[in-house]
Amino acid sequence: MGLSPALLVHAKAVGPAHTFFVVYGSVTHLVELDKVQVHERDFPLLAAKEINGAIKKALRRPLVVVGACIGTDAHTVGIDAILNIKGFAGEKGLEYYSEIRVVNLGAQVLVPELVERARAEQADAVLVSQVVTQRDAHIANTTQMSAAFRGLPRRAGPAARRGRPPLRGGDRPGARRRPHLRQGHHARGGGLIPRPRPVHLEGAPMSTTPGTSHDPAARPAAVGMGVTHARYVPYSHAHYAGNLVDGAYSLALFGDVATELCIRTDGDEGLFASYSDVQFLAPVRAGDCLEVSAVLARVGSRSREMDFEVRVVARGTPEAGVSAAEVLDPPVVATRARGTVVVPPAG
């Protein structure tokens, strides 16, 4: 690769014939700038006045953001750069915006404490700063955080604000980052953002740029928003031996959660257009208690791409008695899918 001297700082097997390396060094060759491909942002960067106006118009209340360094992480430079009014590199932090209420919990915050505080503050978004470590502590921490927030119930009704907020995780501004973090680690549609800056988060899908809602009570569509239904599978739906339920049953449930999510974001039931992927991972049986979720993965002008999941949280145990059953801990993921729903144009 033309590195000289080359310093190997990390190596890890990623399959039977491949190894992931982190190598530092200097190069003598030049970069052909005209061949560099730059991926542009898919959202506009708004001025402070525009951000405050968008929040005020869309939510009619302050946007609540909770931030912290979780686990054993005591490095607050990243989260302070995003949240504090002084900001970073000349860009003001979220405290600068009159329509954003910031709750900075500081360093070494346990995940249960973060979840409880976010719930108490009725947070619209949770921002987490993690120093990227060679021992992958940041992956363990964000995975734990994702699982903890996934366990929060999705509350219904206009007065019940935000059961599960969208999550964003990032390494500190200006820090070196490991290339594989580009893909992020799933945290309710958030993932790890390399070197985030305040203006990027304010203009990103976390913000309150108004959507195409026909219902003034609907929330603007944003990546990470989700809906969860609870469902008991009646024995009348058993279709195969062993009380197995056919796969179409899960797809029908996905249609229901997609409908509610569209109502909440766009004031319209929407129309299911297609599935790009469906995976049947485990059986669904009559007598199961299910959680069915839909989470916005991408927001277009009219399209809403969603990730779906069916989880079996409880199951009958007839061998222990005719009506015996047990809670499954952890739940069994039975079906996953990605699909696209379309909604009417604005106006």
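**Note on the predicted model**

1. A nonpolar surface patch of about 420 Å² is formed by Val 31, Leu 33, Val 36 and Val 38. The model is a predicted one. Of the patch residues, Leu 33 sits in the loop that runs between strand S2 (19-27) and helix H1 (48-59). Its relative accessible area is 67%, and Leu 33 therefore counts as exposed, the cut-off being over 50%. In soluble globular proteins, nonpolar side chains tend to be buried together. The patch around Leu 33 is thus a point to look at when reading the model.

2. Strand S2 also takes part in a hairpin with strand S1, with 5 residues between the two. In the turn, Gly 15 has a positive phi of about 155°. S1 (residues 3-13) and S2 run antiparallel and are joined by 8 bridges. One pair to check on screen is Leu 7, whose bridge partner in S2 is Tyr 24.

3. Is strand S3 (residues 63-69) mostly covered or mostly open? It is mostly covered, with 7 of its 7 residues buried. In a regular strand the side chains alternate between the two faces of the sheet. For S3, Leu 63, Val 65, Gly 67 and Cys 69 lie on one side and Val 64, Val 66 and Ala 68 on the other, and both faces are covered.

4. S3 pairs with strand S4 (residues 100-104) in the parallel sense, over 5 bridges. Within this pairing, Val 64 stands opposite Arg 101 of S4.

5. The largest nonpolar core has 27 residues, and those touching the most other members are Val 284, Leu 290, Val 292, Met 306, Phe 308 and Val 310. Two or more residues each come from helix H6 (248-266), strand S10 (289-299), strand S11 (303-316) and strand S12 (325-342). H6 gives the most, with 7 residues.

6. Leu 290 is a useful entry point to this core. Leaving aside neighbours within four places in sequence, its contacts include Tyr 249, Leu 253, Val 284, Val 310 and Val 312. Polar or charged residues are also on the list, among them His 229, Arg 231 and Arg 311.

7. For the chain as a whole, the secondary structure comes to 6 helices and 12 strands. Of its 347 residues, 42% count as buried. The exposed area is about 18200 Å², of which carbon and sulfur atoms supply 55%. Among contacts between residues at least 6 apart in sequence, 68% join residues at least 24 apart.

Key:
Residues numbered from 1 in each chain as written. Predicted model: local features only at pLDDT ≥ 70, side-chain atom pairs only at ≥ 80, totals over all residues. Heavy atoms only, no water. Patch = residues over 30% accessible without salt bridge, like charges linked within 9 Å, V, L, I, M, F, W, Y side chains within 5 Å. Areas by Shrake-Rupley, 256 points an atom, 1.4 Å probe, with all protein chains shown as cover. Salt bridge = Lys/Arg side-chain N within 4 Å of Asp/Glu carboxyl O. Helix = DSSP H or I, 4+ residues; strand = E, 2+ residues; numbered from the N terminus. Buried < 20%, exposed > 50% of the residue type's maximum accessible area, 1.4 Å probe, protein only. Core = buried A, V, L, I, M, F, W, Y, C linked by side-chain atoms within 4.5 Å. Contact = heavy atoms within 4.5 Å. Pairing = 2+ DSSP bridges.
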